[in-house]
Amino acid sequence: MLKNKYYKSPIGVINILYSEEGIFKITLVENVPIDYYFEERKNDLGDKVISELKEYFNGQRKDFDLPLIIQGTDFQRAVWEELRKINYGEIKTYSDIAKNIGKPNVCRAVGNANNKNPFMIVIPCHRVVGKNKNSGGYAFGVDIRDKLLELEKLNK
């Protein structure tokens, strides 16, 4: 059975979709069910995600220890696996990722895979930028990406 938890983070409300087997999605959302309460309801996997995200936003966590259920094409999964290798506080370009997965001519496809990443922050797609180090988009807006990068820069 799939469950939802919501966390009011410094960058907005984060929705966690999970089951007892693992986490399916971590994403920003605009709308939360009116009857939803934000306090932790019970000690389960959703609360573990919230705890690790709180540690991240407080500068105390650089890596996540969460059971992700990663669903995507083989190409997307290769990109997301490469993203997980980017160290806290570092940035890489779409070109770097394309080269590292052995497909140096697919920068645009890397950007598309980045945009489809179902695990914001945990699989750090915010650490990937365009070749001039400032360009490139982010699924949740460049301002959110910049806030995450600044947080990591301050706590490196």
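# Finding your way around this structure

Reader: Let's start with D47: is D47 buried or exposed?
Author: Keep in mind that we're looking at a predicted model. In it, D47 has a relative accessibility of 5%. The cut-off for that label is under 20%, so D47 counts as buried.

Reader: Which residue does D47 form a salt bridge with, at 2.8 Å between the closest N and O atoms?
Author: The pairing reaches across the chain, because D47 sits in helix α1 while its partner sits in strand β1, 42 residues apart in sequence. That partner has a relative accessible area of 4%, so it's buried as well. The residue that brings its nitrogen within 2.8 Å of D47 is K5.

Reader: How far apart are the closest N and O atoms in the salt bridge between K5 and D44?
Author: K5 does form a salt bridge with D44. Here K5 is in strand β1 and D44 in the loop between β3 and α1, so going by those elements the pair links distant parts of the chain, 39 residues apart. Both K5 and D44 are buried. Their closest N and O atoms are separated by 3.1 Å.

Reader: Which residues are linked in a network of salt bridges?
Author: We've already met two of the links, K5 with D44 and D47 with K5. The network takes in one further lysine, K3. Put together, its members are K3, K5, D44 and D47.

Reader: How many salt bridges does a search of the whole structure find?
Author: The ones above aren't the full story: the side chains of E55 and R61 also meet in a salt bridge, at 2.7 Å from N to O. E55 counts as partly exposed, because its relative accessibility is 25%. Over the whole structure, the search gives 9.

Reader: What span does helix α1 reach from its first C-alpha to its last?
Author: Helix α1 covers residues 45-57, which makes 13 residues. At 1.5 Å a residue, you'd expect 18 Å. The model comes close to that, with 19 Å.

Reader: Which residue's backbone nitrogen does a side-chain oxygen of D44 reach at the start of α1?
Author: D44 turns up again here, this time at the start of the helix rather than in a salt bridge. One of its side-chain oxygens comes to within 3.1 Å of a backbone nitrogen. That nitrogen belongs to G46.

Reader: Which residue follows α1 with a positive phi?
Author: Look just past the other end of the helix, where one residue has a phi near 75 degrees. It's a glycine, G59.

Reader: What covers the buried residues of α1?
Author: The buried residues in question include L45, V49, L53 and F57. An α-helix has 3.6 residues a turn, so residues three or four places apart point the same way. The elements covering the buried residues of α1 include β1 (3-9), β2 (12-18), β3 (23-29) and α5 (142-154).

Reader: Which element gives the most to the largest nonpolar core?
Author: That core has 39 residues, and I14, I23, I26, F57, L83 and I121 touch the most other members. Elements supplying at least two residues each are β2, β3, α1, α2, α3 (94-100), α4 (107-115) and α5. With 6 residues, the top contributor is α1.

Reader: Which residues is I121 in contact with, leaving aside its neighbours within four places in sequence?
Author: I121 is one of the core residues that touch the most other members. Its contacts include L53, Y56 and F57, and these three are among the buried residues of α1. The full list is I11, I14, L53, Y56, F57, F64, H126 and L148.

Reader: How many disulfides are there?
Author: The sulfur of C107 has its closest cysteine sulfur in C125, 16 Å away, which is too far for a bond. C125 is in no disulfide either, its nearest cysteine sulfur being that of C107. C107 counts as partly exposed at 28% relative accessibility, whereas C125 counts as buried at 5%. The count of disulfides is 0.

Reader: Which residue has a side-chain polar atom 3.5 Å from the backbone oxygen of C125?
Author: The residue we want is found in helix α4. At 6% relative accessibility, it counts as buried. Its contacts include V79, W80 and C125. It's N114.

Conventions:
Residues are numbered from 1 along each chain as its sequence is written. This is a predicted model: local features need pLDDT of at least 70, side-chain atom pairs count only at pLDDT 80 or more; totals for chains, interfaces and linings use all residues. Side-chain values use heavy atoms; hydrogens and water are left out. A disulfide is a pair of cysteine sulfur atoms within 2.5 Å. Buried means under 20% relative accessible area, exposed over 50%, partly exposed in between (1.4 Å probe, protein chains only). Helices (H or I, at least four residues) and strands (E, at least two) are DSSP runs, numbered from the N terminus. The expected span of a helix is 1.5 Å times one less than its number of residues. Contact means heavy atoms within 4.5 Å. A polar contact is a pair of N or O atoms within 3.5 Å; within protein, one must be able to donate a hydrogen and the other to accept it, and residues adjacent in sequence count only if both atoms are side-chain atoms. A nonpolar core is a set of buried Ala, Val, Leu, Ile, Met, Phe, Trp, Tyr and Cys residues joined through side-chain atoms within 4.5 Å. A salt bridge is a side-chain nitrogen of Lys or Arg within 4 Å of a carboxyl oxygen of Asp or Glu.
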